[in-house]
Amino acid sequence: MQKKRYRFILFIILAFLFIPLFVGITVRAEVDRESEYSDFSDMNGKKIAMLTGAPFEELIKSKVPEVGSLEYFPNLPDMTMALKTKKIDAYLMNNALAELSVNKDESLAIFPENLGENTFGIAFAKGSKEREKWQQAFNEIDQEAIKELWDKWTGADYSIKTIPDQSWPGANGTVKAAVCDTLEPMSYVADGKLVGFDVELILMMAEKLDVHVDFVGMEFASIMSEVESGKALLGAGSIIATDDRKEVMDFVEYYPAAFVLVTRSNLAQDSSVSLVDKVKQSFYRTFVKESRYKMILSGLFLSCLIAVTSGIMGAALAILLVILRHKDIKFFNKLISIFSSIITGVPVVVILMVLYYIVFGFANVPAVLVAIIGFTIIFGIRVFGVIWNALRAVDPGQREAALALGYSEKLAFRKVVLPQARNIYLPLIKTQFVMLFKETSVAGYITVVDLTRAGDLIRSRTMDAFFPLISIAIIYFVLAWVFAKVIDFVDFKTNTRKGNRKIKGVD
């Protein structure tokens with residue numbers, strides 16, 4: 001019966017993914033480059049979005065005083081998807097990203113009036129002496145070369161969009177640069193590498209300073225924290241040097257920028273596009289082009305590595321805590337109780353960010369290691385709670401009976417109490433581990449390119465949500481099922497009560 005159920009689930013998944021490839025349905029795609037709205041008064045009462053960490057609320061309200069609501073999204077693909085599905089009515093973006101987004105998707109348009117002008121900037125910690133050196137290096141670059149660089153990365157010819165190798169000696173060491181990896185053409189991932197206008201400009205400056213640059217991709221909202229904490233010397237990725245940001249950061253300002261609104265286009269002209277072709281193109285852009293399937297495999301490996309390592313170490317931590325708690329020492333009891341309350345009461349993503357930006361803020365600890373430490377603590381505390389409550393659920397009379405039969409305290413615990421508690425806590429631990437694996441999806445908040453983050457990077461390039469989200473959902477579902485079955489198998493092999501079912505003396 002179970003096999004039939006699993007076959008049915010597999011059939012539904014495959015049908016959902018691949019039936020469109022064989023059905024010749026035709027949809028209408030209508031093209032027009034005019035915005036759905038013509039002036040700022042049309043935006044009153046509308047929902048306008050911006051990237052998390054972008055302080056442009058007052059700018060929007062200065063043009064649209066009766067804005068309906070302000071929404072925040074972690075990346076451009078999410079905002080674009082929200083706009084196309086009418087969850088928002090517009091989003092604020094700089095001119096470079098807006099123009100590229102509109103050129104990629106004919107259902108989008110740029111609002112006819114901009115909201116103001118400023119400059120793009122490379123961010124440094126407030127008071128950083130290094131900023132002066134990089135400013136001097138920037139001043140030595142010919143302005144015509146910068147203009148050519150802009151045309152290269154904002155143009156349509158992708159064959160020339162490559163990053164030069166860092167072939168200079170690098171006698172002055174290596175610096176770390178935190179850059180957003182989802183904002184084409186300024187900084188994004190292509191062929192598994194960080195590229196873009198900002199990336200190449202930083203390399204031009206680095207060559208003059210004779211330093212090598214280690215680029216680390218992350219969400220836009222994490223860049224400032226990375227620079228302020230000292231984990232990175234500089235931050236880039238379509239950052240606009242506003243007055244608010246200048247109060248907390250220093251900048252090397254390098255190119256003019258304008259604030260614009262991206263809206264839905266006012267569709268007018270019709271053209272026929274086969275749904276079969278759309279699905280095939282989506283599949284190609286998601287998995288085949290630039291070998292993007294490798295990003296998913298790499299993200300899958302990191303997610304499994306974090307989950308399995310944290311699961312093993314967390315289980316060891318839980319056993320240690322159970323032993324300490326079983327000794328019933330007042331100091332340890334209180335300490336474990338306080339620590340458990342903190343870990344269970346704080347969201348997972350907050351714990352990871354506190355560890356990464358505060359506890360290990362000024363230490364050069366890899367983000368993957370911080371994630372493993374964080375999830376080890378979280379899983380260990382949860383498993384400790386499960387095991388301890390299971391032990392307490394065993395009738396005290398069982399222990400007392402064992403002691404009356406001459407068992408020692410340790411033997412009574414190991415032979416009588418623990419086997420009964422095992423039947424209670426093991427199914428719950430299995431559930432906790434599956435939950436742990438799924439929770440690794442938030443590791444991207446501390447720059448780990450896990451499975452979910454890999455999907456975000458692909459969506460930032462394709463502006464297509466279907467295949468990246470569906471494929472990742474299926475992978476999580478299948479692996480969660482596999483992990484659960486593996487735990488069941490290990491339990492069966494190690495549990496003598498289940499494994500040895502033959503009655504002695506009976507052939």
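**Exercise 1.** In this predicted model, classify K152 and E200 as buried or exposed, and state how the two interact.

Solution.
- Step 1: K152 is buried, and E200 is buried as well.
- Step 2: K152 and E200 form a salt bridge, with 2.8 Å between the closest N and O atoms.
- Step 3: K152 belongs to helix α6 (residues 143–154) and E200 to helix α7 (residues 197–209), so this pair ties together parts 48 residues apart in sequence.
- Step 4: For context, a search of the whole structure finds 20 salt bridges.

**Exercise 2.** Determine which parts of the chain the salt bridge between E219 and R453 ties together, and classify each residue by accessibility.

Solution.
- Step 1: The closest N and O atoms of E219 and R453 are 3.4 Å apart, and a salt bridge requires a distance within 4 Å.
- Step 2: E219 sits in the loop between β11 (212–218) and α8, while R453 sits in helix α17, so the pair ties together parts 234 residues apart in sequence.
- Step 3: Buried means under 20% relative accessible area. E219 has 10%, so E219 is buried. R453 has 2%, so R453 is buried.

**Exercise 3.** Do the same for the salt bridge between E439 and R382.

Solution.
- Step 1: The side chains of E439 and R382 meet at 2.8 Å, N to O.
- Step 2: E439 lies in helix α16 and R382 in helix α14 (residues 367–393), so the pair ties together parts 57 residues apart in sequence.
- Step 3: E439 has a relative accessible area of 17%, so E439 is buried. R382 has 21% relative accessibility and therefore counts as partly exposed.

**Exercise 4.** Locate D450 and find the nearest side chain of opposite charge.

Solution.
- Step 1: D450 is in the loop between α16 (409–439) and α17 (451–462).
- Step 2: D450 is buried but has no salt bridge.
- Step 3: The nearest side chain of opposite charge is R453, 6.3 Å away. R453 does form a salt bridge with E219.
- Step 4: Leaving aside neighbours within four places in sequence, the contacts of D450 include G299, S303, T440 and Y476.

**Exercise 5.** Describe the surroundings of S229.

Solution.
- Step 1: S229 lies in the loop between α8 (223–228) and β12 (234–236).
- Step 2: Its relative accessible area is 7%, so S229 is buried.
- Step 3: Beyond neighbours within four places in sequence, S229 contacts Y357, G361 and F362.
- Step 4: S229 and G361 are 132 residues apart along the chain, yet their C-alpha atoms are separated by 5.7 Å.

Notes:
Residues numbered from 1 in each chain as written. Predicted model: local features only at pLDDT ≥ 70, side-chain atom pairs only at ≥ 80, totals over all residues. Heavy atoms only, no water. Helix = DSSP H or I, 4+ residues; strand = E, 2+ residues; numbered from the N terminus. Buried < 20%, exposed > 50% of the residue type's maximum accessible area, 1.4 Å probe, protein only. Lys, Arg positive; Asp, Glu negative; His and termini not counted. Contact = heavy atoms within 4.5 Å.
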